[in-house]
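Grab a pencil and work through these short exercises with the structure open beside you. Try each task yourself before you read its solution.

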Amino acid sequence: MTELEFIQSTLEELAAYVREKYAERALVDVHSKAKATDLLTEVDVAVQQRAMALVAQAYPGDLFFAEEEGMDAPPDDPDRRCWIVDPIDGTQNFV
């Protein structure tokens, strides 16, 4: 599988999960981060974790720069490949 095929497959898998949770969004756990308008859902966290797990399995040793769970600092090693993960861009609209 090429990198592009991997990315497409991963996004399709994650999109199916997000659509499923969106259909049940009234049941989704929602929190505020720093500001009341800066929302975080259980779906954001789950999508980020799933994406990172799939990448780590396919490309061990790659680094991550991600929005949630304190992973929002750029990696120290600029010579290693880094995946940028924003699990749900537009959480407020999702909610």
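**Exercise 1. Find which element gives the most to the lining of the largest pocket, then describe that pocket.**

Solution. Keep in mind that you're looking at a predicted model.

- Step 1: Start with the lining. Helix α1 is the top contributor to the largest pocket, giving seven residues.
- Step 2: Now the volume. The largest pocket holds about 270 Å³ of space.
- Step 3: Look towards the middle. There are 15 lining residues, and the closest to the pocket's centre are Thr10, Leu11, Leu14, Ala51 and Val85.
- Step 4: Ask which elements give two or more residues to the lining; these are α1, α2 and β4.
- Step 5: Sort the lining by chemistry: 13 residues are nonpolar, one is polar and one is charged.

**Exercise 2. Check whether the length of helix α1 fits its number of residues, or does not fit.**

Solution.

- Step 1: Helix α1 covers residues 3-23, which is 21 residues.
- Step 2: Use 1.5 Å a residue, counting one residue less than the total. That gives an expected span of 30 Å for α1.
- Step 3: Compare with the model. The end C-alpha atoms of α1 are 30 Å apart, so the two values agree.

**Exercise 3. Work out how the buried residues of α1 are arranged around its axis.**

Solution.

- Step 1: List them. Phe6, Thr10, Leu14, Tyr17, Val18 and Lys21 are the buried residues of α1.
- Step 2: Look down the axis of α1. The buried residues fall within an arc of 100°, so they line one face of the helix.
- Step 3: Here's the rule behind this kind of pattern. An α-helix has 3.6 residues a turn, so residues three or four places apart point the same way.
- Step 4: Turn to the face pointing away from the buried side of α1, where you'll find the exposed residues Leu4, Leu11, Arg19 and Ala23.
- Step 5: See what the buried residues of α1 pack against: α2 (42-58), β4 (82-85) and α3 (91-94).

**Exercise 4. Decide if Thr91 is buried or exposed, and list its contacts.**

Solution.

- Step 1: Find Thr91 in helix α3.
- Step 2: Apply the cut-off. Buried means under 20% relative accessible area. Thr91 has 9%, so it counts as buried.
- Step 3: Skip the neighbours within four places in sequence, and Thr91 is in contact with Leu39, Leu40, Thr41 and Asp44.

**Exercise 5. Say where Glu67 and Glu69 sit, and what is notable about phi of Glu69.**

Solution.

- Step 1: Glu67 is in the loop between β3 (63-66) and β4, and Glu69 is in the loop between β3 and β4 too.
- Step 2: Check accessibility. Glu67 is partly exposed at 35%, and Glu69 is partly exposed at 47%.
- Step 3: Look at what Glu67 touches. Beyond residues up to four places away in sequence, its contacts are Lys33, Gln48, Asp72, Val85, Asp86 and Pro87.
- Step 4: Read off the backbone angle. Phi of Glu69 is near 60°, a positive value in a residue that isn't glycine. Most residues other than glycine have a negative phi.

**Exercise 6. Describe the whole protein: how many helices and strands does it have, and in what pattern?**

Solution.

- Step 1: Count three helices and four strands.
- Step 2: Follow the sequence to read the pattern α-β-β-α-β-β-α.
- Step 3: Take the C-alpha trace, which spans about 40 × 30 × 15 Å along its principal axes.
- Step 4: Finish with burial: 33% of the 95 residues count as buried.

How values were computed. Residues are numbered from 1 along each chain as its sequence is written. This is a predicted model: local features need pLDDT of at least 70, side-chain atom pairs count only at pLDDT 80 or more; totals for chains, interfaces and linings use all residues. Side-chain values use heavy atoms; hydrogens and water are left out. Buried means under 20% relative accessible area, exposed over 50%, partly exposed in between (1.4 Å probe, protein chains only). The arc is that of the directions from the helix axis to the C-beta atoms. Contact means heavy atoms within 4.5 Å. On a 1 Å grid over the protein atoms alone, a cavity is a set of points where a 1.4 Å probe fits but cannot get out, and a pocket is an open set with protein on both sides within 12 Å along at least five of seven lines; lining residues have an atom within 4 Å of a point. Grid points are joined across faces, edges and corners, and a volume is the space filled by probe spheres set on the points. Ala, Val, Leu, Ile, Met, Phe, Trp, Tyr, Cys and Pro count as nonpolar, Asp, Glu, Lys and Arg as charged, and the others, Gly among them, as polar.
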